[in-house]
Amino acid sequence: MPAAKELPACPVETTLTLIGDKWKVLILRDLMPGTKRFGELKKSIGSVSQKVLTAQLREMEEQGLVNRKVYAEVPPRVEYSLTDLGRSLKPILDAMWNWGESYKAQNA
């Protein structure tokens with residue numbers, strides 16, 4: 001996670017620094033209901049490449065938003081879930097959902 005002194009002074013900019021990427025928001029959305037394996041996550045998100053999804057998940061893990069659990073199996077099984085910090089973003093995603101629904105209803 002970036003040190004506090006490395007984060008922007010503006011709280012909105014800080015939030016965008018952590019989740020401002022389209023894929024990160026979709027990863028959060030798809031992990032809100034619970035744990036998913038990499039393949040399930042890739043399928044639920046859609047057009048993201050494996051390379052980009054891996055990079056985004058690694059960043060989110062470093063930032064403390066996502067947990068990565070590797071099982072010692074053959075083939076290896078990896079599961080992703082949200083940390084408490086990641087789950088704390090739910091009101092933001094809910095607000096984005098509600099705003100998007102209103103926008104779509106007004107512009108249908």
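The following exchange asks how several descriptions of this predicted model are reached.

Colleague: How do you know how confident the predictor is in the protein chain?

Modeller: The mean pLDDT of the protein chain is 92, and 95% of its residues reach 70 or more, on a scale that runs from 0 to 100. Among the elements, confidence is lowest in helix α1 (residues 11–19), at a mean of 90, and highest in helix α5 (residues 84–87), at 97.

Colleague: Why is K24 called buried?

Modeller: Buried means under 20% relative accessible area, and K24 has 3% relative accessibility, so K24 counts as buried. This residue has its place in helix α2.

Colleague: What makes the pair formed by the side chains of K24 and E59 a polar contact?

Modeller: A polar contact needs a pair of N or O atoms within 3.5 Å, one able to donate a hydrogen and the other to accept it; the side chains of K24 and E59 make such a contact at 2.5 Å, and the pair is therefore given that name.

Colleague: And R58, is that residue buried or exposed, and how do you know?

Modeller: The cut-off for exposed is over 50%, and R58, with a relative accessible area of 54%, is therefore exposed. R58 is found in helix α4 (residues 50–62), and its C-alpha lies 8.7 Å from that of R68, although the two are 10 residues apart in sequence.

Colleague: What makes β1, β2 and β3 one sheet, and in which order do the strands stand?

Modeller: Two strands pair if there are at least two bridges between them. Two bridges join β1 to strand β3 (residues 77–82), and six bridges join β2 to β3, so both pairs meet that condition. The result is an open sheet of three strands in the order β1-β3-β2, with antiparallel pairing. Within these pairs, R37 stands opposite E79 in β3, while the bridge partner of N67 in β3 is S81. A hairpin through five residues joins β2 to β3.

Colleague: Why do β1 and β2 stand at the edges?

Modeller: Each of β1 (36–37) and β2 (66–71) has a single partner strand, so one side of each is left without a neighbour in the sheet.

Colleague: How do you know that β3 is largely enclosed by the rest of the structure?

Modeller: Six of the six residues of β3 are buried, so the strand is described in that way. Both of its faces are covered, with R77, E79 and S81 buried on one side and V78, Y80 and L82 buried on the other.

Colleague: What lines the largest pocket, and which element gives the most to the lining?

Modeller: The largest pocket, with a volume of about 300 Å³, is lined by V25, L26, R29, M32, K90, L93, D94, M96, W97, W99 and G100. The elements that give two or more residues to this lining are α2 (22–31) and α6 (90–106), and α6 gives the most, with seven residues.

Colleague: How many residues of each class are in the lining of the largest pocket?

Modeller: The lining has seven nonpolar, one polar and three charged residues; Gly counts as polar, and G100 is in the lining.

Definitions and conventions: Residues numbered from 1 in each chain as written. Predicted model: local features only at pLDDT ≥ 70, side-chain atom pairs only at ≥ 80, totals over all residues. Heavy atoms only, no water. 1 Å grid on protein atoms, 1.4 Å probe; cavity = no way out; pocket = protein on both sides within 12 Å on 5 of 7 lines; lining within 4 Å. Points joined across faces, edges and corners; volume = space filled by probe spheres on them. Helix = DSSP H or I, 4+ residues; strand = E, 2+ residues; numbered from the N terminus. Buried < 20%, exposed > 50% of the residue type's maximum accessible area, 1.4 Å probe, protein only.
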